[in-house]
Amino acid sequence: EGHTHMSSQVPDDLLYRIQKVHIDLHLKHFAKTRLCIIDDFVGHDQPGDVFPITEYALSKGITLRDDSIMVQPPPRSWYHAELAQKFWPHFPVILEHEHYGSSKIRNAWDKDLWLKAVEDYHASYMSIHWWPRILLDENRDAIDTINRRMGYRLCVREAAWPAKAKIGQEFEIKTAWYNAGVAPCYPGGYAAFTLKDDKGGIVFTYIDHHFDVKELEAGPAGKVNFKSIITRFQVAPLLGDGEQTFSQEVKPGEYDLWISVGKRDATPVFELPYDHQDGHKRYYLGKLKLLAR
């Protein structure tokens, strides 16, 4: 856990060198794995936001895990939310709470503080410490609230488009996005619009490479930072060099319009918090009637 204060009590100057050796070993042998440093590397109750060992870890792309919160009663519920502020804008922060039963015995467990820790640390993951079913049954309301805030939560507030559009003629889709979570969407992704026919077949897809959902800011609970996007495109545009032209064959008619977020090739990746999806993380918006060229 990055410390020796309960064992050999290595002096601080030597401990720092030993900690760096452990970090470097992990970087060497787990080159494709997200690594995290436990907050106890700086001392289990040492306040502050700048420490040589965490600065070193951060420079190597390593994130932070607090191990653990709510071990002691308030106001000593946790010590390193300040330290997390350097990590969460770049990497997902991880929290672990104390053994639930032991925390209750010490009068350290508090559902409101549990949620506050997620907010203060901008946490993306939570490791649980107890029998999962007991923890869930006794804390369902808090867990439901945490699940709506932890990490990122990509939302589309509104979407507007014309009822009709000519094939090959540019039109606009206006969308308003926000992140309802406490952390950025670290991997990023792009909005895609898909047209399907009455049999559910994909007829046309357009992805907006100008808007990366990673740009959506994570705000405090109850405060939403909207980002309005205007996406302009043509369905089955004419392509060619002026002498020869061709286009994707799309017939006039009414189509279903779907939205998704994912890779640059329009492969959906992220689930959105809405019903009426197609089983492949595309979400139904409404109808669009295509007119002949």
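## Exercises on a predicted model

The buried residues of helix α5 (residues 111–121) are L113, W114, A117, V118, E119 and Y121. The model is predicted. The exercises start from this helix.

### Exercise 1: the surroundings of α5

Task: Find which elements the buried residues of α5 pack against, then inspect both ends of the helix.

Solution.
- Step 1. Recall the helix geometry. An α-helix has 3.6 residues a turn, so residues three or four places apart point the same way.
- Step 2. List the packing partners. The strands are β2 (63–69), β3 (93–97) and β4 (123–127). The helices are α3 (81–84) and α6 (132–147).
- Step 3. Go to the start of α5. There a side-chain oxygen of D110 lies within 2.8 Å of the backbone nitrogen of D112.
- Step 4. Go to the other end. Just after α5 comes H122, with a positive phi of about 55 degrees.

### Exercise 2: H97

Task: Locate H97, decide whether H97 is buried or exposed, and list its contacts.

Solution.
- Step 1. H97 belongs to strand β3.
- Step 2. Its relative accessible area is 0%. The cut-off for buried is under 20%. H97 is therefore buried.
- Step 3. Leave out neighbours within four places in sequence. H97 then contacts S68, I69, W109, W114, M126, S127, I128, H129 and L135.
- Step 4. Link back to Exercise 1. W114 is one of these contacts, and W114 is also among the buried residues of α5.
- Step 5. Take a distance to S8. The C-alpha atoms of H97 and S8 are 26 Å apart, with a sequence separation of 89 residues.

### Exercise 3: the five-stranded sheet

Task: Give the strand order of the open sheet and explain why β6 and β9 each have one side without a neighbour.

Solution.
- Step 1. The order is β6-β14-β13-β8-β9, and the pairing is mixed.
- Step 2. β6 (164–166) and β9 (202–212) are the edge strands. Each has a single partner strand, so one side of each has no neighbour in the sheet.
- Step 3. Add the twist. From one strand to the next, it averages 35 degrees.
- Step 4. Look at one pair. β13 (residues 253–262) and β14 (residues 283–291) run antiparallel, joined by seven bridges. E254 is placed opposite K289 in β14.
- Step 5. Pick a residue of β13. S260 sits in this strand. S260 is buried, at a relative accessible area of 1%.
- Step 6. Setting aside residues up to four places away in sequence, S260 touches Y190, A191, A192, P268, K281 and R282.

### Exercise 4: strand β7

Task: State how many residues of β7 are buried, then name its pairing with β5 and with β10.

Solution.
- Step 1. β7 (residues 171–179) has seven buried residues out of nine, so the strand is mostly covered.
- Step 2. β5 (residues 154–160) joins β7 through six bridges, antiparallel. Here A159 has T175 of β7 as its bridge partner.
- Step 3. β10 (residues 227–233) also pairs with β7 in the antiparallel sense, over seven bridges. Here I173 has T231 of β10 as its bridge partner.

### Exercise 5: α1 and α2

Task: Classify the arrangement of helices α1 and α2, and give the residues that meet.

Solution.
- Step 1. The axes of α1 (residues 12–29) and α2 (residues 52–59) come within 10 Å and cross at roughly 15 degrees.
- Step 2. Angles under 35 degrees count as roughly parallel. α1 is therefore roughly parallel to α2.
- Step 3. The crossing is right-handed.
- Step 4. From α1, Y16, Q19, K20, I23 and D24 take part. They meet P52, I53, Y56 and A57 of α2.

Note on methods
Residues are numbered from 1 along each chain as its sequence is written. This is a predicted model: local features need pLDDT of at least 70, side-chain atom pairs count only at pLDDT 80 or more; totals for chains, interfaces and linings use all residues. Side-chain values use heavy atoms; hydrogens and water are left out. Two strands pair if DSSP finds at least two bridges between them. Helices (H or I, at least four residues) and strands (E, at least two) are DSSP runs, numbered from the N terminus. Axes are lines fitted to C-alpha atoms, for helices over the stretch in contact, and angles run from 0 to 180 degrees between N-to-C directions. Buried means under 20% relative accessible area, exposed over 50%, partly exposed in between (1.4 Å probe, protein chains only). Contact means heavy atoms within 4.5 Å. A polar contact is a pair of N or O atoms within 3.5 Å; within protein, one must be able to donate a hydrogen and the other to accept it, and residues adjacent in sequence count only if both atoms are side-chain atoms. Angles under 35 degrees count as roughly parallel, over 145 as roughly antiparallel, 65 to 115 as roughly perpendicular and the rest as oblique. A crossing is left-handed if the near helix is turned anticlockwise from the far one by less than a right angle, and right-handed if clockwise.
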